[in-house]
Structures are given as structure tokens and as C-alpha cells.
Amino acid sequence: MSTVLITGATSGLGRYVAFELVRSGHVVLAHGRDPGRTERLVEELRAEGDAEAFVADLSSLAQVRELGGHVAGAHPDLDVLINNAGVGAGSPGAARELSADGHELRLAVNYLAPVALTRALLPTLRANTPARIVNVGSVGQNPVDFDDIEFRRGYDGFAAYCRAKFALAAHTFALAEELADTGVVVNVLHPATFMDTAMVREGGVTPWSTVADGAPGVLALATQDLGTGGYFDGTNRARAHETTYDREVQKRLAAVTDQLLTL
């Protein structure tokens, strides 16, 4: 059985997946932003199996790195990372928001945070192969604008969300290549469309599906050997935005990501 860190576990898809994993006998390290909610979740999870709480605000890169350090120290046996936490498009017409570090919020939480957390935990994952990284992406993918990576011009919440998910997919494919033959696999998926979550309802969208519809894809990638560098729509292999596979785009993204993470 695996030791699994899942970010954004206190609600929505993350919560559902956490319960499925703990009931299957996995050790679940449940991350949340709110200490009270995270502790309450873990109390419920412990009624079903082995779980531990980890609290961090993923809009702060310092807290993301601290989270990685805490998890690695407490669970040197970690072998699965599920980067699930995210910020949705926001309410229609909402203004551009900033992270604790001054980055555009959707870029920060949906892209920079999973990249930073993955980097912090890679030594641990590499020590526990076969290991898996699951990035919860979206079918909504818009190419990033390298001339305006922080989306200062013509800001739109849904477009910002789609740019961050594009970046996450492109990063996933580059990382998979980098980790080839290490025993660490990394994949990205669109779990289901407009699931019934607070994120979707805040965006003014009537849900099309449930978190139960989105869970099988995440669980399959977290627990089964499905190769590396893949994009999945639910449990089915699919194609991400064609530009995410472009080596030049991946290189430019890696360079700008390094700059943003060291600012």
C-alpha cells in the first residue's frame, strides 16, 4: 500500500479521493489550507484508516516549500503525490487577484505551487520507487502569453485558469521526460467537466457532473501503472492542447518558471 499526499483534500474532489484511498488501505496525508477543517477531515478519515493532517496556504511559495519539508521529514516513505488543490476561475467579472508573493493567483496556486511542491518532494519520491505524481489539470487549456505571464493585460479569470492548466500540462510532459528511467512517473488529467464543487458554483456554472465522476481517473493514476507523460480525460488516454507538447514552449516555460520561483 502507498503513502499518498493529496493537496486540497478538505472539499470537493480531493475529499472524495482521500476517503477512497484510505478505505483501500493507503496512508493518506491530507493537505488543507484551514487548520480546523483539515483536522476535522483527518478525524473522519481516521475512522476508516490511517491519515495525517498537513496545513499550508499554497498561495505562499514559502509555505509550499515548508509543506514539502514537513511531509518528507514525517513520511520518508512517501510514494504518491496528488497535486489536486486549485483555485477556480472566480466569480464572473472578478478582478485580478495576487498571491502572497505577488503572482497572479491562478498561476500561483494552480501551477507554481504544484511545481514547487513536486520539486521539494522529488528526492523522497525517487527514494521510494515505483512512485507516482498525479497532476489534476483541466480540459480547459489556453497557451500562456510569455510576454505577459502574470496576465496584467486584459485579465479574465477563466482565461487565467486555462493558462495555468496549460502550463501544468506542458510541465508534466517535460518532467516525465526528465524523470524517464528513474521509477517516478508523472501524468496529468482532466477528472470530469464542471464537477459539483464550490469552485464551479462560484464561477456561476451549473454543475454537469459529480466528484464521484471525477475520482476514478485520479485513483487509477495514483494506484496503477499507466505509464508516464500521459494526459487523461477521466480514465481515458487523450491529447492535451497540441502546444503543450512543443519542446520550445516547454523550454521557455521552464525558464520563466525558474525565474518566478526564485523571485
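The following exchange looks at salt bridges in a predicted model.

User: Why is the contact of E20 with R23 called a salt bridge?

Analyst: The term asks for a side-chain nitrogen of Lys or Arg within 4 Å of a carboxyl oxygen of Asp or Glu. The closest N and O atoms of E20 and R23 are 3.8 Å apart, and therefore the pair meets that cut-off. In this predicted model, the structure holds 9 salt bridges.

User: Where do E20 and R23 stand relative to one another in helix α1?

Analyst: Helix α1 covers residues 12–23, and because E20 and R23 are 3 residues apart in that helix, about one helical turn separates them.

User: What makes R23 count as partly exposed?

Analyst: Buried means under 20% relative accessible area and exposed means over 50%, with partly exposed in between. R23 has 49% relative accessibility, so R23 falls in between. By the same limits E20, at 26%, is partly exposed, and so is E48, at 39%.

User: Which residues are joined into one network by salt bridges that share partners?

Analyst: The network consists of E20, R23 and E48. E48 forms a salt bridge with R23, with 3.2 Å between the closest N and O atoms. That pair links distant parts of the chain, 25 residues apart, since E48 is in the loop between α2 (35–46) and β3 (51–55), whereas R23 is in helix α1.

User: How do you know that R247 and E177 meet in a salt bridge?

Analyst: Their side chains come to 3.2 Å, N to O, which is within 4 Å, and therefore the definition is satisfied. R247 lies in helix α8 (residues 247–262) and E177 in helix α5 (residues 157–178), so the pair ties together parts that are 70 residues apart in sequence.

Note on methods. Residues are numbered from 1 along each chain as its sequence is written. This is a predicted model: local features need pLDDT of at least 70, side-chain atom pairs count only at pLDDT 80 or more; totals for chains, interfaces and linings use all residues. Side-chain values use heavy atoms; hydrogens and water are left out. Helices (H or I, at least four residues) and strands (E, at least two) are DSSP runs, numbered from the N terminus. Buried means under 20% relative accessible area, exposed over 50%, partly exposed in between (1.4 Å probe, protein chains only).
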